[in-house]
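Dear colleague,

Please find below the structure I promised to hand over, together with its sequence. My notes on what turned up in it follow directly after.

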Amino acid sequence: MNSTVAMMAERRNNEGALRKDGSIMKKIMLCCNAGMSTSLLVQKMQKEAASRGDDIEIEARPMNEAMEHVAEANIILLGPQIGYAKDDFVKAVDGKVPVEVIPMMDYGRMNAAKILDDAAKLMA
């Protein structure tokens, strides 16, 4: 990863996204093979975050596209079906952004609340 991308990732990890109004928003990126199954989970997580009043942006990306956007996230969550790629993501973010595989049980049950709780702990 080049130094500009690394600096962007570090800033995002420490601060989140800076909005035009000066407020900070965290961003969670979920990745899976094609982005289809994870997009359903993203919808549930967005609804859960809104019900909590959390100001978090959550998006799903297919693995082949996600690598180009690692510097845009405060945390990267991988679907269990691509857990084998965790080391590649960890290397891509150079330790600046947490990378974790969503537990199979939470993913299968679409347990948005637990996944958000786990992500919040990793971003703290």
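Read from one end of the sequence to the other, the protein chain runs through its elements in the order α-β-β-α-β-α-β-α-β-α-α, which amounts to six helices and five strands. Please keep in mind throughout that this is a predicted model. Of the 124 residues in the protein chain, 41% count as buried, and among the contacts between residues at least 6 apart in sequence, 63% join residues that are at least 24 apart.

The helix pair I looked at in detail is that of helix 2, residues 36-52, and helix 6, residues 112-123, which pack at an angle of about 75 degrees with their axes 9 Å apart. Because angles from 65 to 115 degrees count as roughly perpendicular, that is the description that applies to helix 2 and helix 6. On the side of helix 2 the contact is made by Leu41, Lys44, Met45, Glu48, Ala49 and Arg52, and on the side of helix 6 by Ala112, Ala113, Ile115, Leu116 and Asp117. Sorted by character, the residues of this contact comprise seven nonpolar and four charged ones, with no polar residue among them.

Helix 6 itself has 12 residues and reaches 16 Å from its first C-alpha to its last, close to the 16 Å expected at 1.5 Å a residue. Its buried residues are Ala112, Ile115, Leu116, Ala119 and Met123, and these cover an arc of only 100 degrees around the axis, which puts them on the same side of helix 6. Such a pattern is easy to follow in general terms, since an α-helix has 3.6 residues a turn, so residues three or four places apart point the same way.

Helix 4, residues 86-93, can be read in a similar manner. Here Phe89, Ala92 and Val93 are buried, and they cover an arc of only 90 degrees around the axis, which places them on the same side of helix 4, whereas Asp87 and Lys91, on the other side of helix 4, are exposed.

Two residues deserve a look at their backbone angles. Just after helix 4, aspartate 94 takes a positive phi of about 55 degrees, in the loop that leads from helix 4 to strand 5. Methionine 110, which lies in the loop between helix 5 and helix 6, likewise has a positive phi of about 55 degrees although it is not a glycine.

Two further positions concern burial and contacts that span the sequence. Isoleucine 102 sits in the loop between strand 5 (99-101) and helix 5 (104-108), and at 3% relative accessibility it counts as buried. Leaving aside residues up to four places away in sequence, isoleucine 102 touches Leu30, Leu41, Leu77, Leu78, Pro80, Tyr107 and Ile115; of these, Leu41 and Ile115 also take part in the contact between helix 2 and helix 6. The C-alpha atom of isoleucine 102 is separated by 9.5 Å from that of alanine 119, which is 17 residues away along the chain. Proline 62, for its part, belongs to strand 3, residues 56-62, and is buried with a relative accessible area of 17%. Between proline 62 and leucine 78 there are 9.9 Å in space, C-alpha to C-alpha, and the two are 16 residues apart in sequence.

With best regards

Note on methods
Residues are numbered from 1 along each chain as its sequence is written. This is a predicted model: local features need pLDDT of at least 70, side-chain atom pairs count only at pLDDT 80 or more; totals for chains, interfaces and linings use all residues. Side-chain values use heavy atoms; hydrogens and water are left out. Axes are lines fitted to C-alpha atoms, for helices over the stretch in contact, and angles run from 0 to 180 degrees between N-to-C directions. Helices (H or I, at least four residues) and strands (E, at least two) are DSSP runs, numbered from the N terminus. Angles under 35 degrees count as roughly parallel, over 145 as roughly antiparallel, 65 to 115 as roughly perpendicular and the rest as oblique. Contact means heavy atoms within 4.5 Å. Ala, Val, Leu, Ile, Met, Phe, Trp, Tyr, Cys and Pro count as nonpolar, Asp, Glu, Lys and Arg as charged, and the others, Gly among them, as polar. The expected span of a helix is 1.5 Å times one less than its number of residues. Buried means under 20% relative accessible area, exposed over 50%, partly exposed in between (1.4 Å probe, protein chains only). The arc is that of the directions from the helix axis to the C-beta atoms.
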